[in-house]
Amino acid sequence: MEYAVAGFTSTWDTETSRPDLTSYLHPRPVRLRLRDGRALEGSIHVPEGQSAMGFLRLRRSFLNLTKVRWLGPGATDEELPHLGVRLARILWLVPLDPTMPLQSASRPPEAARDIELRIEGGLVLQVRIALANEQRMSDFFDARPGFIALRSVHIGSASDVVDRVVVNGDAIITIRELG
């Protein structure tokens, strides 16, 4: 049986006599780096068109992932069907699906500045951020609690560049303007 809830069409689960509200959620592959240095890949399940930042802001304490694989040294090929990760322990999230928006809307830049962010674990990120004229970098980050969307992020002194990433603002230790 089909019915509509909050604009979403869903079906009725006859086994449990409850609505199947997951039918409007779509799996989106992501890569996480945790604050303890470990990394993993899995899928989050989001409504069509939902941005990565918007989705994270709706979570209270945990991010649920499916089809999870740990990455890096010591990782096995074992796939975990489900894993909940405490949001506060996430350093960053990289959407691996290019169709998943990073954020819902962005303001046209008045000026762009090259910024260096030192984050937990000794990592240094270099990024170009659109700031209003006369806006202090610290005010920019203070106005964005939780996770912050960044583009074309250079990691460390290496040539590693991540096109789109959402960084946990609480993990940022220092902010410095370059040049």
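**Salt bridges and exposure**

Colleague: Why does Asp 36 count as partly exposed?
Modeller: In this predicted model, Asp 36 has a relative accessibility of 45%. Buried would need under 20% and exposed over 50%, so a residue in between is partly exposed.

Colleague: Good. What makes the contact of Arg 38 and Asp 36 a salt bridge?
Modeller: Their side chains meet at 2.9 Å, N to O. The cut-off asks for a nitrogen of Lys or Arg within 4 Å of a carboxyl oxygen of Asp or Glu, so the pair qualifies. Arg 38 is partly exposed too, at 44%.

Colleague: And why is Glu 116 called buried or exposed, whichever it is?
Modeller: Glu 116 has 8% relative accessibility. The limit for buried is under 20%, so Glu 116 counts as buried. Its salt-bridge partner Arg 176, at 3.1 Å, N to O, is partly exposed at 44%.

Colleague: How do you know that Glu 41 and Arg 31 meet in a salt bridge?
Modeller: The N to O distance between their side chains is 2.6 Å, and the cut-off is within 4 Å, so the term fits. Glu 41 sits in strand β5 (residues 39-47) and Arg 31 in strand β4 (residues 25-34), so this pair ties together parts 10 residues apart in sequence. Glu 41 is partly exposed at 25%, and Arg 31 is partly exposed at 33%.

Colleague: Which residues are linked in a network, and how many salt bridges does the whole structure hold?
Modeller: Arg 28, Glu 48 and Asp 97 are linked by salt bridges into a network. Searching the whole structure gives 11 salt bridges.

Methods:
Residues numbered from 1 in each chain as written. Predicted model: local features only at pLDDT ≥ 70, side-chain atom pairs only at ≥ 80, totals over all residues. Heavy atoms only, no water. Helix = DSSP H or I, 4+ residues; strand = E, 2+ residues; numbered from the N terminus. Buried < 20%, exposed > 50% of the residue type's maximum accessible area, 1.4 Å probe, protein only.
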